[in-house]
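Student: Got a minute to go through this one with me? I'd like to start with how the chains pack.

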Amino acid sequence: MAVEGDLVQMGALIGAGLACTGMGGAAVGVGHVVGNYLSGALRNPAAAAGQTATMFIGIAFAEALGIFSFLVALLLMYAQ
Amino acid sequence: MSAEAEAAGSGFNIHPMDQFVVKPLFGNGDILWYTPTNVTLWMGIAVLAIIALLVLGTRGRAVVPSRSQSIAETIYVFVHKMLEDIAGKEGLKYFPYIFTLFIFILVSNILGLIPGAFTTTSHIAVTAVMAMAVFTTVTLIGFYKNGIGFLGLFWISSAPLVLRPILALIEIISYFVRPISHSIRLAGNMMAGHAVIKVFAGFAGALGVFSVFPIVAIMAVYGLEMLVVCIQAYVFAILTCVYLNDALHPGGH
């Protein structure tokens, strides 16, 4: 029985580690948002200031999906 | 923080998550709902700091502002402009709520960066209460202002008819996921950033004379954290404004 508990623990911890790969997706998303904002802002600097808030909202939405992977990792580690 | 690391001796004795443990202020008893803990202490300090900045800072009401008055005025105007840009003139009625959220999160985050301090916003329990309050308030405002028409938020009339039920499903899911992502974004960012600083502090304790490198790294991460702390308060407030805008103008997107 003890071995079985260890196996479950091990699986959960490996799963938590794997869940962290989701952060890579969030990183790509955030980089995409900011990169496109910057290339647009360099073409038309006059319009850039008005779109900063939109950029942050975009970052927040892209980041939310990375946060779900963090949440899955937390659940696997502590909530079982 | 490095002194703490040396006190712990060599090896990785510093546990990076220890700083997030909720402890009673007096004694080691059980934590009940009325027990004063370090969370209570740091929330109280945050509130006192805000009062000191906003009430005492602007007491002079000078035309040429003093340093503290100009900080308070800058924050006030910043939040006011953000709310007006996103939610329009109707949204300004809810300015006190947004401003309270913004400045409480900002000051709690910044206080949490003091070495040895406790970051109240790193706990999902704290941020979830704020996010659920925003979610409930915004939903109630939406139904109060628009009646049953608030459900038009989920029924996108500009999309082709075939796609509308699918889009409605996606919109409903994304609406109910809002408080989760809203709260965990703030708590996760605070927890991760502070844990990174502690991990580098652990390296500083383990490396002896070479600990100068991790200490330089801590300084760099600390600067980054200062930025993240302000951006997360901004993001929390701006998302509240976006949700409020959805409630006030559900057909607007």
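Student: How are α4(A) and α7(B) oriented to each other?

Tutor: Keep in mind that this is a predicted model. In it, helix α4 of chain A (residues 52–78) and helix α7 of chain B (residues 212–248) pack at an angle of about 100 degrees. An angle from 65 to 115 degrees counts as roughly perpendicular, and therefore α4(A) and α7(B) are roughly perpendicular to each other. Their axes are 10 Å apart.

Student: And which residues meet there, in α4(A) and in α7(B)?

Tutor: On the α4(A) side you have Ala53(A), Phe56(A), Ile57(A) and Ala60(A). They meet Tyr234(B), Val235(B), Ile238(B), Leu239(B) and Val242(B) of α7(B). By class, that contact has 9 nonpolar residues, with no polar and no charged ones.

Student: Zooming out, how many residues of chain A and chain B are in contact?

Tutor: 9 residues of chain A contact 12 residues of chain B. The chain A side divides into 8 nonpolar, no polar and 1 charged.

Student: Switching to chain B by itself. How many helices and strands does chain B have?

Tutor: 7 helices and 0 strands. The C-alpha atoms of chain B fill a box of roughly 70 × 55 × 40 Å along the principal axes. Of its 253 residues, 29% count as buried. Among contacts in chain B with a separation of 6 or more, 67% come from residues 24 or more positions apart.

Student: OK, how do α3 and α4 of chain B cross, at what angle?

Tutor: Roughly 125 degrees, with the axes of α3(B) (residues 67–91) and α4(B) (residues 95–112) coming within 10 Å. That makes α3(B) oblique to α4(B). The crossing is right-handed.

Student: What makes the contact between α3(B) and α4(B)?

Tutor: From α3(B), it's Ile75(B), Val79(B), His80(B) and Leu83(B). From α4(B), it's Phe95(B), Ile98(B), Phe99(B), Phe102(B) and Ile103(B). The tally for this contact is 8 nonpolar, 1 polar and no charged residues.

Student: Those numbers come in steps of three and four. Any general reason?

Tutor: An α-helix has 3.6 residues a turn, so residues three or four places apart point the same way.

Student: Which residues of α4(B) are buried?

Tutor: Ile98(B), Phe102(B), Ile103(B), Phe104(B), Ile105(B), Leu106(B), Val107(B), Ser108(B), Asn109(B) and Gly112(B). The buried residues of α4(B) pack against α2 (38–56), α3, α6 (164–206) and α7 of chain B.

Student: And what span should α4(B) have, going by 1.5 Å a residue?

Tutor: Its 18 residues should span 26 Å, and the end C-alpha atoms are 26 Å apart, so the two agree.

Student: Now Met43(B). Where is Met43(B) found, and why does Met43(B) count as partly exposed?

Tutor: Met43(B) sits in helix α2 of chain B. It has 19 other C-beta atoms within 10 Å, and a residue needs 20 or more to be buried, so Met43(B) is partly exposed. Its C-alpha atom is separated by 8.8 Å from that of Phe104(B), 61 residues apart along the chain.

Student: Last one: is Val228(B) buried or partly exposed?

Tutor: With 18 C-beta neighbours inside 10 Å, Val228(B) counts as partly exposed. Val228(B) is in helix α7 of chain B. Leaving out residues up to four places away in sequence, Val228(B) touches Asn189(B) and Gly193(B). The C-alpha atoms of Val228(B) and Ser108(B) are separated by 13 Å, with their positions 120 residues apart along the chain.

Terms used. Residues are numbered from 1 along each chain as its sequence is written. Chains are lettered from A and ligands numbered from 1 in the order in which they are written. This is a predicted model: local features need pLDDT of at least 70, side-chain atom pairs count only at pLDDT 80 or more; totals for chains, interfaces and linings use all residues. Two residues are in contact if their C-beta atoms, placed from the backbone, lie within 7 Å. Ala, Val, Leu, Ile, Met, Phe, Trp, Tyr, Cys and Pro count as nonpolar, Asp, Glu, Lys and Arg as charged, and the others, Gly among them, as polar. Axes are lines fitted to C-alpha atoms, for helices over the stretch in contact, and angles run from 0 to 180 degrees between N-to-C directions. Helices (H or I, at least four residues) and strands (E, at least two) are DSSP runs, numbered from the N terminus. Angles under 35 degrees count as roughly parallel, over 145 as roughly antiparallel, 65 to 115 as roughly perpendicular and the rest as oblique. A crossing is left-handed if the near helix is turned anticlockwise from the far one by less than a right angle, and right-handed if clockwise. The expected span of a helix is 1.5 Å times one less than its number of residues. A residue is buried if 20 or more other C-beta atoms lie within 10 Å of its own, exposed if 12 or fewer, and partly exposed in between; C-beta atoms are placed from the backbone.
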